[in-house]
Amino acid sequence: RSSGAMGSAPGQQLRALFYALPPGESSFRTVEEVPDYVEKSIPFFIAFIGLEFVVSWVQKHKLPGRINDGISSLSLGILSRLPDILFRSVDLISYIYVWDKYRLFELPWDSPWTWYLTLLGVDFAYYCFHRISHEVNILWAAHQVHHSSEDYNLFTALRQSVLQKYTSWIFNLPMALFIPPSVFAVHLQFNLLYQFWIHTEVITNLGPLEWILNTPSHHRVHHGRNPYCIDKNYGGTLIIWDRIFGTFEAEDAKVVYGLTHPVNSFDPIMLQLRPLAHIWKTFWATPGFFNKFSVIFKGPGWGPGKPRLGLPEEIPVITGKEVPFNPRVPAFLNCYAVVHFAVIVDLYTELLGTVTMLSQGTILLRIGFIILSLTSFGLLMENKPKAGILEIIRCLVFIGVYKLGYLRSQFCSLGYVYEV
């Protein structure tokens, strides 16, 4: 019996969000016993987003974000989780393989020393991967999705890349030589969950904790496009790695969020793939084999004759008058998008809960419909001319697949409402 057998209780789940579950409550003998802390945190994500809205309104008399950007962030979050419905996490698959075949020795799974060592190991691996993701163009093409929002709120925390997980796993493999997979699986989730609550402006300064932990203040700098913010504060849970390796920067001038060259889109597919298309185009337009190689593996600001990470003076100057991308759409369209997005969240959650009982074809059909819906909402928020046509097609597809039983709501009583 694992010492963390009751690890999915609500109180423990809440503490897991803040990396506050001690070894005695979060140590497990096997990977199969480890709770899915991320999935079980969804209700807390919603609750804290609501709390952030209330606190922001009380503090500043304004909401912490916009409907279009919020839907975009949530769409990217859902999109990033869809591959996990079809395939087991590549992080765990690769880690378990190395553990089974090549481990040098085995630390005890139920030792607090193993637990704390894994905390440091997972966080240091994240720091290394995160830093390289900013300094290598092909990796930045995936990671930039998370930085593409011009708002900074808890929605932004859920704005994730589909592709990033397929490169991050490499950095965790050295731990597989001696740390049991069950311990690693816990900390992989805790490290991710911790980074949710630091995506907010309503928390200003945490005093002495600022020296050790990654905090909202430190992470605001990381998301800034001000010249002083670029390539700073890579830590996940701890800020000590940035202090050690010279990448730390304290919050100073008001941070302007987003990419140095804004994408200006709410389409989740465009946000995921356009950077790769840009690299492809630049690769073929750049003369010389070594220069082409550099387009892929040097920094996103690199060009022929420039240093590896580009020239700091080419970073656009922040004037303080920057206006976020915010196409004007009728109020009814915002309401429409919110209501229909809520329906998709319901269908997505139902899919997560029943995936083991569904055929592969049904799963693929549901995933395809979710992707179609998220794309349509993005185009509606941009007020694209053909968005209405795509939305009509989407609604007709919904009626067809719902009537045929390939889509299901968690709430049977809402079936007729959805069709209307």
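Contact here means heavy atoms within 4.5 Å. Helices (H or I, at least four residues) and strands (E, at least two) are DSSP runs, numbered from the N terminus. The model is a predicted one, in which local features need pLDDT of at least 70 and side-chain atom pairs count only at pLDDT 80 or more, while totals for chains, interfaces and linings use all residues. Residues are numbered from 1 along each chain as its sequence is written, and side-chain values use heavy atoms, with hydrogens and water left out.

Helix α3 is a handy place to start. Its 19 residues should span 27 Å at 1.5 Å a residue, and the end C-alpha atoms are indeed 27 Å apart (the expected span is 1.5 Å times one less than the number of residues). Phe44, Phe45, Ile49, Glu52 and Ser56 are the buried residues of α3; buried stands for under 20% relative accessible area, exposed for over 50%, and partly exposed for anything in between, with a 1.4 Å probe and protein chains only. Looking down the axis of α3, these buried residues fit within an arc of 135°, so they line one face of the helix (the arc is that of the directions from the helix axis to the C-beta atoms). An α-helix has 3.6 residues a turn, so residues three or four places apart point the same way. The cover over the buried residues of α3 includes α1 (10-16), α2, α8 and α10, whereas Pro43, Ile46, Val54 and Val58 are exposed on the other side. Right after α3 comes His61, with a positive phi of about 60°.

Helix α3 also feeds the largest nonpolar core, which has 44 residues; Tyr37, Met175, Phe190 and Phe196 have the most contacts inside it. A nonpolar core, in this usage, is a set of buried Ala, Val, Leu, Ile, Met, Phe, Trp, Tyr and Cys residues joined through side-chain atoms within 4.5 Å. Two or more residues each come from α2 (37-40), α3 (42-60), α5 (90-102), α6 (112-135), α8 (154-157) and α10 (181-197). Of these, α10 provides the largest share, nine residues. Leaving aside residues up to four places away in sequence, Phe190 touches Ala16, Tyr19, Leu21, Ser26, Tyr37 and Trp115. Apart from this core lies another one of 32 residues, including Leu351, Leu352, Ile370 and Tyr402.

Tyr19, one of the residues touched by Phe190, sits in the loop between α1 and α2. Tyr19 is buried, at a relative accessible area of 10%, and has a positive phi of about 60° despite not being a glycine. Most residues other than glycine have a negative phi. Asp231 is also not a glycine and has a positive phi of about 60°. Its loop runs between α11 (216-222) and α12 (240-245), and with 26% relative accessibility Asp231 counts as partly exposed.

Helix α4 (residues 67-86) is mostly covered, with 15 of its 20 residues buried. Its end C-alpha atoms are 30 Å apart, in agreement with the 28 Å that 20 residues should span at 1.5 Å a residue. Leu82 lies in α4 and counts as buried, at 3% relative accessibility. Not counting residues up to four places away in sequence, Leu82 touches Tyr348, Ile367, Ile370 and Ile371.

Further along the chain, helix α17 (residues 387-403) has 17 residues and reaches 24 Å from first C-alpha to last, close to the 24 Å expected at 1.5 Å a residue. Its buried residues are Ala387, Glu391, Arg394, Phe398, Val401 and Tyr402. Down the axis of α17 they fall within an arc of 95°, so they line one face of the helix. Among the elements covering them are α15 (331-354), α16 (360-381) and α18 (415-419). Ile389, Ile392, Leu396 and Lys403 are exposed on the other side of α17, and Gly405, which follows the helix, has a positive phi near 90°.

As for the overall layout, the chain is divided into domain 1 (16-245), domain 2 (274-314) and domain 3 (331-404), with bounds from an automatic or database domain assignment. The C-alpha centres of domain 2 and domain 3 lie 37 Å apart. An unreviewed UniProt entry lists residues 333-420 as "domain: Alkylglycerol monooxygenase C-terminal"; such annotations may be inferred rather than shown by experiment, and they are given in the numbering used here with feature names shortened. Residues 333-420 are 75% helix and 0% strand, with end C-alpha atoms 17 Å apart.
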